[in-house]
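Reader: Please take one strand of this model and go through it closely: its pairing, its cover, and what follows it along the chain. Remarks on the surroundings are welcome afterwards.

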Amino acid sequence: MTFTFLATAAFGLEGVVADELKRMGFAARAEIGGARFSGEPADALRANLWLRTADRVLMVLCEREALTFEDLYQAVYAVPWETLLPRDAAIPVSGKCVRSRLMSVRDCQAVAKKAIVTRLMERLRTNALPETGEAFPVEVAIRQDQLRITLDTSGEALNRRGYRTWNGEAPLRETLAAALVELSHWRPEQPLYDPCCGTGTLLIEAAMRATRRAPGLKRSFACERFGLIAKADIDRLRAQAEAEYAPEVPFDIGGSDIDPEALELGRRHIRQAGFEYRIPLEADDLRRLQLPQENGVFLCNPPYGERLGDAESARALYRELGLLLRRHPTWRMGVIAADPAFERAFGRRATRKRRLYNGRLECEFHLFVGR
Ligand SMILES: C[S@@+](CC[C@H](N)C(=O)[O-])C[C@H]1O[C@@H](n2cnc3c(N)ncnc32)[C@H](O)[C@@H]1O
């Protein structure tokens, strides 16, 4: 059975997610909020296991206009829930309403839940649904009167790879870090260095890519518990991901930070990600940094200078990043920053720029190539 899936993405990363899906062999198409592809239920697991930059993989069950609660009820009722959910399924329904006639999230959730339960009770010929089994998270999203009903195949969001259990002051989400590695055009044979690495997210994501480690290898996904994917397919996809992982592949990835506490967390994350002794972290000030390697990539997420009085010191550090690149003329540098004056402070125009969001913060990723 073929389904449509939506791999959701942070604003600005839709194309990156679509490219990842294409490399996996799917005919994917980017759209606002994510990238769409189609496949069998087992393909949802493959996407969950391998996508580095997406937030979730949703199974799209219905899309149509919904102007009234009756429209909503009928659309939800029309989904063949009895073929998707087991008798004891727990069915949490979440909702989202944006610029639509139906704007009460709570009412939409309640109407959708009633439609699902009514259909299931009719088709299963029962008058009670225990909801004691696995959770099948349903989302009802209405944007500009267009309804989309989805089943979340991921469970916990995909950035939860399992290695980050403590957070530093301003950690970069794992999915965004993976996207920055992608956007820097770093090749795993090159050195990669983060001069203000904090808790090390960019470095770990780069190491995962270098070793072809599926980001979902050490966690499970909601779709594995759905019963829609044969156990043999789950075992095969997981065995393939295990076989693909090449921990012994050589790479040159490292970083430094001025804050020893952040580095302590970084070392812990590196150990938890299985890269102990492979990603060296040093306590160092980037203003003094000098590396011996050639043709590397600096990749970093410097302080944002958001707090009052911090903007000036953040700009002074952006200038230092510009000087760091000048001291390493064969290197390139990718920097994510929210300050519109970033390039001026850095001392040079970016070769390429891309607008994206770090959480709610609008940012730009700047890539500096050549001299
Ligand atoms: C936004 S955080 C980086 C977060 C990191 N990407 C992570 O995932 O945890 C910015 C980092 O820059 C570091 N920093 C500030 N000034 C520095 C300097 N002069 N040299 C090196 N690191 C510095 C801070 O200690 C902080 O950890």
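Author: In this predicted model, strand S8 (residues 192–194) runs parallel to S9, and 3 bridges join the two. Within that pairing, Asp194 is the residue opposite Gly255 in S9. S9 also pairs with strand S10 (residues 281–283), again in the parallel sense and over 3 bridges. Here Ser256 of S9 stands opposite Glu282 in S10. The connection from S9 to S10 passes through helix H9 (residues 260–272), and the resulting β-α-β crossover is right-handed.

As to cover, S9 spans residues 253–257, and 5 of its 5 residues are buried. Ile253, Gly255 and Asp257 point to one side of the strand, while Gly254 and Ser256 point the other way. Both sets are buried. Gly255, the residue across from Asp194, thus belongs to the set with Ile253 and Asp257, and Ser256, the residue across from Glu282, belongs to the set with Gly254.

The loop between H9 and S10 contains Tyr277. This residue is not a glycine, yet its phi is positive, about 70°. Tyr277 counts as exposed because it has 7 C-beta neighbours inside 10 Å, and the cut-off for exposed is 12 or fewer.

A second residue with positive phi is Gln144, also not a glycine, with a value near 45°. Gln144 sits in the loop between strand S6 (138–143) and strand S7 (146–152). It has 9 C-beta neighbours inside 10 Å and is therefore classed as exposed.

Next, the ligand. It is surrounded by 21 residues, and the closest are Cys196, Gly198, Thr199, Thr201 and Asp259. By residue class, the shell around the ligand holds 12 nonpolar, 5 polar and 4 charged residues.

Finally, the domains. The protein chain is divided into domain 1 (3–152) and domain 2 (174–211 + 246–368). The centres of domain 1 and domain 2, taken over C-alpha atoms, are 36 Å apart. Domain 1 contributes 9 residues to the contact and domain 2 contributes 11. On the side of domain 1 that touches domain 2, 5 residues are nonpolar, 2 are polar and 2 are charged.

Conventions:
Residues numbered from 1 in each chain as written. Predicted model: local features only at pLDDT ≥ 70, side-chain atom pairs only at ≥ 80, totals over all residues. Near = placed C-beta within 6 Å. Nonpolar A, V, L, I, M, F, W, Y, C, P; charged D, E, K, R; others polar. Buried ≥ 20, exposed ≤ 12 C-beta atoms within 10 Å, placed from the backbone. Helix = DSSP H or I, 4+ residues; strand = E, 2+ residues; numbered from the N terminus. Pairing = 2+ DSSP bridges. Right-handed = clockwise from strand over helix to strand, strands pointing away. Domains from an automatic or database assignment. Contact = placed C-beta atoms within 7 Å.
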